[in-house]
Structure formats: structure tokens, C-alpha cells
Amino acid sequence: MRIAVLVLDQVFDTGLSTLLDTLALANGIAASEKLDAARFEVSLVGVRRKVVTGQGMTVPVVGVQTCAVPDVALLPALNNKSTEAVCESLLRRDVADAGEQLKAWSAQGAVLGAACNATFLLAETRLLDGHDATTTWWHAARFRERYPKVRLDVSRMLVPSGRFVTVGAALAHLDLALWCVRRVSPILARLTARYLVMDPRPSQAAFAITDHLAHEDPLVERFETWARAHLSQGFSLADAARAAGSSERTLARRINAVLGKSPLSYFQDIRVERAVHLLQTSLASVDQIAVQVGYVDGVTLRTLIRRRIGRGVRELRAGH
């Protein structure tokens, strides 16, 4: 399998190394175990002759003009943590040139993959329009605003859709590399993951800090403040909107843009989160805690907690 890793200035060092080391390890395992699996022929490709990583190291790249059309083209993340910095990077000339190269490869049949904030670079080409995708969880709100035609599911770690695959968060470069290995041989992918001591992690949900996302937007933050003060009194969209200084429609639209869920769903999440915290830190019974967070008795609360646990188990199994 021919894999082109398209490397840009300020590339995230760990992400780039993870892609290269995982694919090289898979080649080594396939050879030592005598597996009937195609080797990975990996090329580091640049739209500029000189590429320097975020940590200042020079990457030996070949020009896109001399690179054969790959089976898979991978785009590692840039060394940008903030969403603002990611969006500013999209104005760079080399990033625009990389987008044109991705479109050319896609038109020639290549599968395209992007990791972490590089999902913005791929989405900028509009190739992802109409497709499912994921991105780094704390970039979700801006991604939805900027690319409304992409069906974003930020809860998932890896999302294949057609001839595209996206992964979220920095260390998901490993998930992207293993996805490439799995296309060649599921057995080789499992062996490679075991050598790397890598647990399956199909969801970002366990890592996302909902408070962080909420506090990125003043309106959502005001809703959260109201919600935490009214858990025992029940949900009212009208009261919440009034307290947040917004119309009901605007509040619902904004919470969906930032968190990807409805106000009621977020309210229920806060209830369950508070209940779990009390179960872990107090001596109160489930029934007593249920009343504190707005349920008549513990039956509903137990059901919601079991449902959350069950969803986590299903996601874990889906990753095998």
C-alpha cells in the first residue's frame, strides 16, 4: 500500500512520528510473523521543499510533483492547540496548496485521512461536505460553524465515510495509523496494537471536558449556571432562556452548535454527572440523590446511569 504523508510547516511532531513509527512497526511485525499482508510504502511529501516541525526539526520531504498517486494520503495535525490558531493557519499559502493537492489525489482515487486539527484542513477543501466526520473535541463548535455541510460526530474517535477518514485529538494519530493497517490485515492491526499496548478507544466522550466547551461560549455558560442551580426543580426552556438573556430558539441553536445536543439533553447530562459525583463522594442513597437532582425516586436515575454505562461498553466493543 502506497501511503503519502503530506507534511506542512509547524507539523505536530508527535503526530507525525506516531504515523511513521506505527506503520514501520506493522511492516516489521508482518515480516517477522510471516503474515500475508502488503507492506506499507510510506513517503513524506511536501508542497514546499523545506518543512520544519513545530519543535524546529527539518523533515526530509519529496515534492508532490515527483510523488506517485498514493493509495492513501494522510494529513497529520499542525502544532496548534487553540481553535483560533487553527483557523489562522488556514490562511497560509502552503495550506491552500496542500488543499489543492488533496483534491487532486482524491480525484485520482486516493483515500484521504486527517488527524486532530488537520480535519479543518481537509474540510476546507469541501471534500467532506455531505460526509460524516469527527475532529478534536474542543474544536467542535468552530468546526460546525465553519463547515455546516459536514455531519460532525465529535463523540467518536475515528469516523470513516466514503473515501475519507477523520480522527479526533492529538494521539488519535495512532488510531489513524492502525486504521490503515486494518485495511491491509485485521490480524496485523491487532498485533500492532498489542505491541504498542494500545487499548481500543472508539469514543472521545470520556475525555471531553464538557465544562470547557460550555465555558467557551458565554450564552452556553449562562445556561449551565442556571441548570446547576435548578437541577431539583426540573427543566424549563423558557426559564432557562430568560435567565440566559436569550430567546428559546437562539439558546437551543447555540447549545447545539457548541455541544452538539439539545438544552434538555445537556440538562440531563448535568443531572447524571451531579448524581454520579454524589454517589462517589457522599453517603446518601440513590433515592436521596435522585431527589436532589430532580427525580421523584431512584428508578429513573438508575436507568440513566445504566444506560450511560451500557453505551460505554458498546462503544468499547465496537472498537475491537
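Me: Among contacts between residues at least 6 apart in sequence, what percentage join residues at least 24 apart?
Reply: This is a predicted model, so local features need pLDDT of at least 70 and side-chain atom pairs count only at pLDDT 80 or more, while totals for chains, interfaces and linings use all residues. Residues are numbered from 1 along each chain as its sequence is written, and side-chain values use heavy atoms, with hydrogens and water left out. A contact means heavy atoms within 4.5 Å. By that rule, the share joining residues at least 24 apart is 67%.

Me: How many of the protein's residues, as a percentage, count as buried?
Reply: Buried means under 20% relative accessible area, exposed means over 50%, and partly exposed is in between, using a 1.4 Å probe and protein chains only. With 320 residues in the protein, the buried part comes to 46%.

Me: Which helix gives the largest share of the largest nonpolar core?
Reply: A nonpolar core is a set of buried Ala, Val, Leu, Ile, Met, Phe, Trp, Tyr and Cys residues joined through side-chain atoms within 4.5 Å. The largest one has 35 residues, and Leu6, Trp105 and Phe120 are among those with the most contacts inside it. Elements supplying at least two residues each include strand 1 (2-6), helix 3 (93-107) and helix 4 (118-124); helices (H or I, at least four residues) and strands (E, at least two) are DSSP runs, numbered from the N terminus. The largest share, 5 residues, comes from helix 4.

Me: And how many residues are in the second, separate core?
Reply: Leu16, Val72, Val111 and Ala115 are included in it. The count for this second core is 32 residues.

Me: Which residues of strand 6 point the other way from Val72 and Leu74?
Reply: In a regular strand the side chains alternate between the two faces of the sheet. In strand 6, Val72 and Leu74 go one way, and all the residues in question are buried. Pointing the other way are Ala73 and Leu75.

Me: Over how many bridges do strand 6 and strand 7 pair?
Reply: Two strands pair if DSSP finds at least two bridges between them. Strand 1 and strand 6 run parallel, joined by 3 bridges, with Val5 opposite Leu74. Strand 6 also pairs with strand 7 in the parallel sense, and the number of bridges there is 4.

Me: Which residue in strand 7 stands opposite Ala73?
Reply: Leaving aside neighbours within four places in sequence, this strand 7 residue is in contact with Ala73, and also with others including Leu102, Trp105 and Phe164. The residue opposite Ala73 is Leu112.
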